[in-house]
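Student: I've got the model open on my screen and I'd like to talk it through. Can we go piece by piece?

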Amino acid sequence: MSLSVPDLNFRVIAPALIVALTALIVLLAELVTPAPRKRWLGVLGLIGLLIAAGATVGLWGAPASAFGGMVVADNFGLFLTLVILLGAALSILLALDFVRAHRVDQGEYYVLVLFAVVGMILMATATDLIVIFLALELLSLPLYILAAFKRADARSLEAGLKYFLLGAFSSAFFLYGIAFIFGGTGTTNLMKIADALAKNPRNDLLLVGAGLLLVGFAFKVALVPFHWWTPDVYDGAPTAVTAFMSVGVKAAAFGAFFRAFLVALPAFAFDWRIVLAALAVLTMTLGNVAALLQSNVKRMLAYSSIAHAGYILIALVAMGASGLSSALFYLLAYTLTNLGAFGAVIALSDGERERLEIRDWGGAARQYPFIAAMFAIFMLSLAGFPPLAGFTGKFLIFSAAVETGWAWLAVIGVLNSLVSAYFYLRPIVQMYMSEPVPGWDRIRVAPLVALALVLALIGVIALGLYPTPAIVMATGGFLR
Amino acid sequence: MSTPLVLTYVGFFVMAAITLGGALMAVSARNLIRAALGLIIALIGIAGIYFVLEAEFVAVVQILVYVGAISILILFAVMLTRGLMKRDLPAQNAQWIAAAFISLAMFAALLYVALSTNWRAVETQVAGDLIPKLGTELMTTYLLPFEAVSLLLLAALVGAIVIARE
């Protein structure tokens, strides 16, 4: 008996394959690495991520699908792959000293991060609901563990458990949705679902399936009202982990979200865009208003990430080429900026003691002018001030919405950005206008963290001043 | 109605009743061990439904994995957790009215869809031995998901060790 795999092409999944291989190498190398040298395992992981990024660039511009239409390497997926690899590399840079300061210096940290990256890349490039589901699990499972990685800290354990329980719950919704879609169309392949819909646009089974799928995605990207886990998990998890999951999961899950809705469902008789528009309004408004009330920096950034998911959802409502490219650009800008913001929290923490309360940041600009200035710039970028990356991203999304007749949604988005400026400016005011808080003046900023911050800063400013190349790259679109 | 069809219906309703009864016991029991036993009954009922649907292999796997392994694991976990065995735990909390409302709405929606859908009967019966075909499909059409699952299991293994070790 001969077995033949339909279009077996390992080149298409090369980035994910390389990262998976790196994870296995790091896992084996951990056995022979003595305790004080564990950080070299992180360096090994970084090298693997760089090689994977090289392979991703090598695939650029020649869309191909493989494994019988299970996975593709189109410019949409490759762009997200690069965003994910960039986010992972920067968060490993942030973690190298962080794990030592928090006494969780184990090689498994990097192994789990790399496993999660494999899941994220697969999720962003998958075109079959089965693969999307497995990729979702492959990215979630390591993150549950990473959230609980600091086992001496009850809050970290609580974050891991909470994330695990709610994540498992949302996975069940997701899977149930896939089952209904399969029942309605007889396939799990996104392109074939689109074909089935074109023949028969009214399909109640598919409607239920898509609704359940939406709930699953909404949990993962933290849309209101499926966001309850976010502040607790982001706050309780070790900060380096929070930084990683706040960007990586968003890029991967939004990738699959966009692909599922824009490839499979455009011919649907039911106009799902109005539902998404309502979710976007709720998510932006509630995220920003709740962030106003926070006194804890990590919780504030958690609500801010919820609000940003709302902005990105506007791009999905807008559909079309401009909506798609604006979302990709936004995810890139958000990745750099958010990693920078969490990175600054890590940079100015004193061993295990972190500046979690906003009042702890008082006078930081006088003691650590460079880090404080970078933190201020990241905050301004999150708020959407020109000429930073966050401004360009918001501009692209809102103009895509106006172009496609969703001007009212863009107006609500702009109003929300105005509200958000208040809480993003609060830590800046605190750093520059308040007296230094005693007990925070003997911090040695780790050079690698500073390096990560500078890299993110260069990206944020470059994307703001000269966004054209990134926008051109983001307009590749799907392979259908 | 022909006799085999009647038997199928009877089998389905018996198995569905067992599943629902077990599930009800699992969510309403105040004692965790009883709840776990209810879960086992529900899982056996689901295996029975697979049998009725002529998916014997899936049914056997269901019993092996869920009834045999996972339920035993749950029972062990309950028994090894101090103080969890004897105490009676409340099976509801303050949100049960809202939860019941949402569940009922969900049930109504699913019922409507199930009744309104024009279910297609499967015309072609897969001939021959099913298990080799399943294996072949896993290694060809579904090779990528298959490999993804293996990676997922490895990640779970590493994660379990990280969480559990002293």
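Student: Leaving aside its neighbours within four places in sequence, which residues is Asn203(A) in contact with?
Tutor: Keep in mind that this is a predicted model. Asn203(A) sits in the loop between α7 (190-199) and α8 of chain A. Along the chain, Gly184(A) is 19 residues away from Asn203(A), yet their C-alpha atoms are separated by 6.7 Å. Once the neighbours within four places are set aside, the contacts of Asn203(A) are Gly184(A) and Leu197(A).

Student: Is Asn203(A) buried or exposed?
Tutor: Count the C-beta atoms around it: 25 others lie within 10 Å of that of Asn203(A). The cut-off for buried is 20 or more. Asn203(A) is therefore buried.

Student: Let's move to Gly248(A). Why does Gly248(A) count as buried?
Tutor: Gly248(A) belongs to helix α10 (residues 239-264) of chain A. A residue needs 20 or more other C-beta atoms within 10 Å to be called buried. Gly248(A) makes the grade because its number of other C-beta atoms within 10 Å is 28.

Student: And how far apart in space are Gly248(A) and Thr81(A)?
Tutor: Setting aside neighbours within four places, Gly248(A) touches Ile84(A), Gly87(A), Ala88(A), Ala116(A) and Met120(A). As for Thr81(A), it is 167 residues from Gly248(A) in sequence. From C-alpha to C-alpha, the gap in space is 9.8 Å.

Student: How many residues does each domain of chain A give to the contact between them?
Tutor: The domain assignment splits chain A into domain 1 (10-270) and domain 2 (272-480). Their C-alpha centres are 21 Å apart. The contact takes 51 residues from domain 1 of chain A and, from domain 2 of chain A, 49.

Student: On the side of domain 1 of chain A that touches domain 2 of chain A, how do the residues divide into nonpolar, polar and charged?
Tutor: Look at the helices first: α3 (75-101), α8, α9 (229-236) and α10 of chain A each supply at least two residues to that side. α10 is also the helix that holds Gly248(A). By type, the residues on that side come to 36 nonpolar, 10 polar and 5 charged.

Student: What radius of gyration does chain A have, and why does it agree with a compact globule?
Tutor: Chain A comes to 19 helices and 2 strands, and its C-alpha trace spans about 70 × 55 × 40 Å along the principal axes. Of its 480 residues, 61% count as buried. A compact globule with 480 residues would have a radius of gyration near 23 Å, so chain A agrees with that at 21 Å.

Student: How about chain B: what is its radius of gyration?
Tutor: Chain B has 6 helices and 0 strands, and 13% of its 166 residues count as buried. Its domain assignment gives domain 1 (1-88) and domain 2 (129-166), with 24 Å between the centres of the two. A compact globule of 166 residues would come in near 15 Å, but the value for chain B is 20 Å.

Student: Where the two chains meet, which element gives the largest share of the side of chain A that touches chain B?
Tutor: The interface brings 29 residues of chain A into contact with 22 residues of chain B. On the chain A side, α1 (14-32), α4 (108-125), α5 (129-147) and α8 (204-221) each give two or more residues. That side divides into 24 nonpolar, 2 polar and 3 charged residues. The largest share, 9 residues, is from α5(A).

Student: How many of the residues of α5(A) are buried?
Tutor: First, its length: the 19 residues of α5(A) should span 27 Å at 1.5 Å a residue, and the end C-alpha atoms are 26 Å apart, which agrees. The helix is mostly covered. Out of its 19 residues, the buried ones number 18.

Student: Last one: at which residue does α17(A) bend?
Tutor: Helix α17 (residues 407-433) of chain A reaches 38 Å from its first C-alpha to its last, close to the 39 Å expected. Its buried residues include Tyr424(A) and Pro427(A), and what covers the buried residues of α17(A) includes α11 (273-292) and α12 (297-318) of chain A. The proline Pro427(A) follows within four residues of the bend, which is about 30 degrees and lies at Leu425(A).

Methods. Residues are numbered from 1 along each chain as its sequence is written. Chains are lettered from A and ligands numbered from 1 in the order in which they are written. This is a predicted model: local features need pLDDT of at least 70, side-chain atom pairs count only at pLDDT 80 or more; totals for chains, interfaces and linings use all residues. Two residues are in contact if their C-beta atoms, placed from the backbone, lie within 7 Å. Ala, Val, Leu, Ile, Met, Phe, Trp, Tyr, Cys and Pro count as nonpolar, Asp, Glu, Lys and Arg as charged, and the others, Gly among them, as polar. A residue is buried if 20 or more other C-beta atoms lie within 10 Å of its own, exposed if 12 or fewer, and partly exposed in between; C-beta atoms are placed from the backbone. The radius of gyration is taken over C-alpha atoms; the globule rule is 2.2 Å times the number of residues to the power 0.38. Domain bounds come from an automatic or database domain assignment. The expected span of a helix is 1.5 Å times one less than its number of residues. The bend at a residue is the angle between axes fitted to the seven residues ending there and the seven starting there.
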